[in-house]
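Dear colleague,

I am handing over the structure we spoke of, and below it you will find my notes on what turned up when I went through it. Please read them with the model open beside you.

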Amino acid sequence: MPEVKEITAGSMNTEEFIHNKVAEIRQIVGSGVVINALSGGVDSSAVTMLGHKALEDRLKTYFIDNGIMRQGEPQQIVSVFEKLGVKVEIIDARAEFLNALKGITDPEEKREAITQAFYKKVFGNLVKKSGAKYLLQGTILTDIDETVAGIKRQHNVFEQLGIDPQEAFGYKIIEPLVQLRKDGVRKVALALGLPSSIYNRMPFPGPALAARIIGEATQERISLVRKATFILEQELESVKAFQYMAILHNDRVTGMRDNKREFGQQIEIRCWDSIDARKAHPTQISFGALEKLANRLVREVPGVVSVTYNIASKPPSTMEAV
Ligand code: XMP
């Protein structure tokens, strides 16, 4: 297992880092074609810009619409990159992912199903279509740490688990950000000319909204958590936090609406203060702001009768629920 040497945000010479990584990508790829999947998160955005700096048109960038992204996300991200001169093709993979998630309730099985849908099915087809031998991706050190420690199988970690992507999927993976943590990636993203909406963007996990659904991620439940996420992100926009999220619980509870019993849904709000996602504490949001958010969630998301705020820290909690 190759040892990854950390570069801390404080010690990094950002210009030198970018220069070296561009040279490294060119050297690995030679004259070939490479693909990458852009989700709009800071990691995949930084890697997209690095790749384009190194390879220009020889990097084919795709946005995988897996049906578990947030409201309007595919179009928003494509338009940000269009302004930067980077062409992004949207791939409609909604049916593949929904199918892969069918009947799965166990968290690690859910993560594995998403990994397989991305790497075997969707990227496998894109590699065939484009003739690429490499996938460029924005794995960071925290992804590896948690996977190796057996805490969560991050959707994008292979080699450290003894999986050879070439053997398993038929292509090699290049990971230029693997020595960095989130704060370091933000510095690189800023230096690469990405707008603040991207380099300051809140992290969003690879398994997307499925990481925020306890139990089966059906079309209906995905749509419920998507609505809750939209409202939560609007309401908490001014809160300075590392990350905030809405989680859909599996258990229902008795509520009442219009004087009738409603055996309804529970949404858990999480909002985290953190520097690099290794440790996190709940943000001290004002009770008024929480109440306003809860009122909107029960009014605007059909079926929701209970809203809670998680006040446990990581560890022993983790940031996502799945
Ligand atoms: P946890 O839930 O492990 O989250 O405390 C720590 C940070 O990592 C993000 N996260 C992921 N990111 N692939 C990713 O790219 C994943 O599978 C994944 N799981 C969690 C999470 O949103 C948080 O910022």
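Leaving out residues up to four places away in sequence, L135 touches V34, I35, N36, Y119, F123, Y171, K172, I173 and I174. Please keep in mind throughout that this is a predicted model. L135 itself sits in strand β4, and with a relative accessible area of 1% it is buried, given that the cut-off for that word is under 20%. As a further point of reference, L135 and T48 are separated by 87 residues in sequence, while their C-alpha atoms are 11 Å apart in space.

The sheet around L135

Strand β4 (residues 134–136) pairs with strand β1 (residues 34–37) in the parallel sense, over 3 bridges, and within that pairing the bridge partner of N36 is L136 in β4. Both strands belong to an open sheet of 5 strands, whose order is β3-β2-β1-β4-β5 and whose pairing is parallel. The edges of the sheet are taken by β3 and β5 (172–174), each of which has a single partner strand, so one side of each is left without a neighbour in the sheet. On average, and with direction ignored, neighbouring strands of this sheet are turned by 35 degrees against each other.

Towards the β3 edge, strand β2 (residues 59–65) and strand β3 (residues 88–92) run parallel and are joined by 5 bridges, with F63 standing opposite I90 in β3. These two strands, together with helix α3 (residues 73–83), make a right-handed β-α-β unit. Elsewhere on the sheet, helix α1 (residues 14–29) lies across β1, β4 and β5, and its direction is at about 165 degrees to that of β4.

Two helices, α10 and α11

Helix α10 (residues 219–235) has 17 residues, which at 1.5 Å a residue should span 24 Å, and the 25 Å between its end C-alpha atoms agrees with that expectation. Its buried residues are R221, I222, L224, V225, A228, T229, I231, L232 and E235, so you will find charged side chains such as those of R221 and E235 listed there by the under 20% cut-off. The elements that cover these residues include α4 (94–101), β6 (243–248), β8 (260–273), α11 (287–300) and β10 (304–309).

For α11, the 14 residues reach 20 Å from the first C-alpha to the last, which is close to the 20 Å expected at 1.5 Å a residue. Buried in this helix are L290, L293, A294, R296 and L297; seen down the axis of α11, they fall within an arc of 165 degrees, so they line one face of the helix. As general background, an α-helix has 3.6 residues a turn, so residues three or four places apart point the same way. The buried residues of α11 pack against α10, β8 and β10, whereas F287 and R299, on the other side of the helix, are exposed.

Backbone points to check

Most residues other than glycine have a negative phi, and most peptide bonds are trans, which is the background to the four places listed next.

- A208, in the loop between α9 (196–199) and α10, has a positive phi near 50 degrees although it is a residue other than glycine, and at 0% relative accessibility it counts as buried.
- A277, in the loop between β8 and β9 (281–282), likewise has a positive phi, of about 75 degrees, without being a glycine, and it is buried with a relative accessible area of 14%.
- K314 and P315 are joined by a cis peptide bond with omega about -15 degrees, and P315 is placed in the segment after β10.
- P315 and P316 are also joined by a cis peptide bond, here with omega about 5 degrees, and P316 too is found in the segment after β10.

One loop residue

Which residues does Q154 contact, leaving aside its neighbours within four places in sequence? They are R111, D143, E146 and T147. Q154 is placed in the loop between α6 (141–148) and α7 (165–169), and at 15% relative accessibility it counts as buried.

With best wishes

Methods. Residues are numbered from 1 along each chain as its sequence is written. This is a predicted model: local features need pLDDT of at least 70, side-chain atom pairs count only at pLDDT 80 or more; totals for chains, interfaces and linings use all residues. Side-chain values use heavy atoms; hydrogens and water are left out. Two strands pair if DSSP finds at least two bridges between them. Helices (H or I, at least four residues) and strands (E, at least two) are DSSP runs, numbered from the N terminus. A crossover is right-handed if, with the strands pointing away from the viewer, the path from the first strand over the helix to the second runs clockwise. The expected span of a helix is 1.5 Å times one less than its number of residues. Buried means under 20% relative accessible area, exposed over 50%, partly exposed in between (1.4 Å probe, protein chains only). Contact means heavy atoms within 4.5 Å. Axes are lines fitted to C-alpha atoms, for helices over the stretch in contact, and angles run from 0 to 180 degrees between N-to-C directions. The arc is that of the directions from the helix axis to the C-beta atoms.
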